[in-house]
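Subject: Structure handover

Hello,

I am passing on the structure we spoke about. Please look it over before reading my notes.

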Amino acid sequence: MSQTIAPFARPLYVMTKPVGAVCNLACDYCYYLEKANLYKDISKHVMSDELLEKFIREYIGSQTMPQVLFTWHGGETLMRPLSFYKRVMELQQKYAGGRTIDNCIQTNGTLLTDEWCEFFKKNTWLVGVSIDGPQEFHDEYRKNRQGRPSFTKVMQGIHLLKKHGVEWNALAVVNDFNADYPLDFYHFFKEIDCHYIQFTPIVERISPHADGRHLASPLQKDEKLADFSVSPEQWGNFLCTLFDEWVRQDVGNFFIQLFDSTLANWVGAQPGVCTMAKTCGHAGVMEFNGDVYSCDHFVFPEYKLGNIHEKTLVEMMYSERQMKFGQMKQDSLPRQCKECEFLFACNGECPKNRFARTADGEPGLNYLCKGYHQFFQHVAPYMDYMKKELLAERAPANIMEAIKKGEL
Ligand SMILES: C[S@@+](CC[C@H](N)C(=O)[O-])C[C@H]1O[C@@H](n2cnc3c(N)ncnc32)[C@H](O)[C@@H]1O
Ligand code: SF4
Ligand code: SF4
Ligand code: SF4
């Protein structure tokens, strides 16, 4: 077997879309569903066995680390039959070459069955389930094409995951509708005993394209904000209110990715979420036909790096274009960010959201800036305290006792 040698320090990471953008739901705010329009000429949006094998062999062969992480993403990943993922396991074993292989899969949770859960448990897959908080919040936007809500089915899915002891975490979005109820939202996750929560702000702009897509690409200026987007003020209040409860009761017990990433930046470590990192470009995406893009939120024709049938993953992911894409996050910061006291924590957040103007009219400010600034200002004393604990090799969770004693 010929293997690609990749003498790079960081792992090569490409998320995979086995059914492209195909999905059994049609969530109003979904950025990915409409990507099917990029492949209108192809009748069946499924990854072929041949491509799957090529990808797995090349992906494993390109790694410089002993651990390899596969991420299955969509569209709805469970629209492929279980036999597809069983084949994934066979191929991973065939090409592992002594490496440790981990898998995570992102799903809307509605199609989970005992059989799926047995497979995930047996093969120790990590399952990410999308759920936007309590029923009335979740069902507002997460519906199928006929407008039928999905909450009940998702909860059945979560119940099955728990029954089989599958490792899972929740992905929730914060939008115009649920953002004003941070505690109802947070308590819901605690009630369902979900200890790992990732939440993402919804920020989209509308711009009709000739091919049927209707969301703006990051390059487009002055487009109309989509109604379901969270406002900067809502985002700031949401984060601060949630943080206040977490820091008093839940540090070390409930893990909120954004708070952990903030602490990571506070101590100068690598944050777990890309939006808070200094650069982009670490995670590419491969579509069902082998097209590779710079990032899951930049699946636009102008950000296509190539196709795996024509170029290697290493050529694409370490190309000058991808390096430039990664660096663009820093290079395009407006002066307001460069001079911001919280640049080390924020890094201007995701470039996709940088369509606002600074106080003196410079373009390229993050739309959520006001919310983030409020959040960083609010958490600074607590982050300073947890940093001090970490540097002294003590648990950041000590902060809860310090607050009780009135030290903070
Ligand atoms: C596109 S879905 C694909 C996987 C699967 N269908 C699911 O819903 O989990 C991946 C994640 O993106 C989130 N998402 C959808 N639209 C978004 C948007 N406009 N901005 C940020 N996240 C979004 C979803 O809620 C979901 O958690
Ligand atoms: S379930 Fe996932 S892919 Fe499907 S529409 Fe909703 S967010 Fe998009
Ligand atoms: S563009 Fe946004 S989503 Fe993509 S890597 Fe950069 S920060 Fe992350
Ligand atoms: S808080 Fe605002 S000004 Fe500061 S780095 Fe973030 S986006 Fe830029």
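Below are the notes on the chain, its core and one ligand site.

This is a predicted model, in which local features need pLDDT of at least 70 and side-chain atom pairs count only at pLDDT 80 or more, while totals for chains, interfaces and linings use all residues. Residues are numbered from 1 along each chain as its sequence is written, and chains are lettered from A and ligands numbered from 1 in the order in which they are written.

The protein chain has 14 helices and 14 strands (DSSP runs, H or I of at least four residues for helices and E of at least two for strands, numbered from the N terminus). Its C-alpha trace spans about 60 × 50 × 50 Å along the principal axes. Of the 408 residues, 42% are buried, that is, have 20 or more other C-beta atoms within 10 Å of their own C-beta, placed from the backbone.

The largest nonpolar core (buried Ala, Val, Leu, Ile, Met, Phe, Trp, Tyr and Cys residues joined through C-beta atoms within 7 Å) has 98 residues. Helix α13 (residues 369-391) supplies the largest share of this core, 8 residues. Val14, Val127, Val174, Val292 and Tyr293 have the most contacts inside the core. Beyond its neighbours within four places in sequence, Tyr293 is in contact (C-beta atoms, placed from the backbone, within 7 Å) with residues including Phe298, Tyr303 and Leu305.

Phe298 is also one of the residues around ligand 3, where a residue counts if its C-beta atom, placed from the backbone, lies within 6 Å. Cys274, Cys280, Cys295, His297 and Cys350 are among the others.

Regards

Methods: Buried ≥ 20, exposed ≤ 12 C-beta atoms within 10 Å, placed from the backbone. Contact = placed C-beta atoms within 7 Å.
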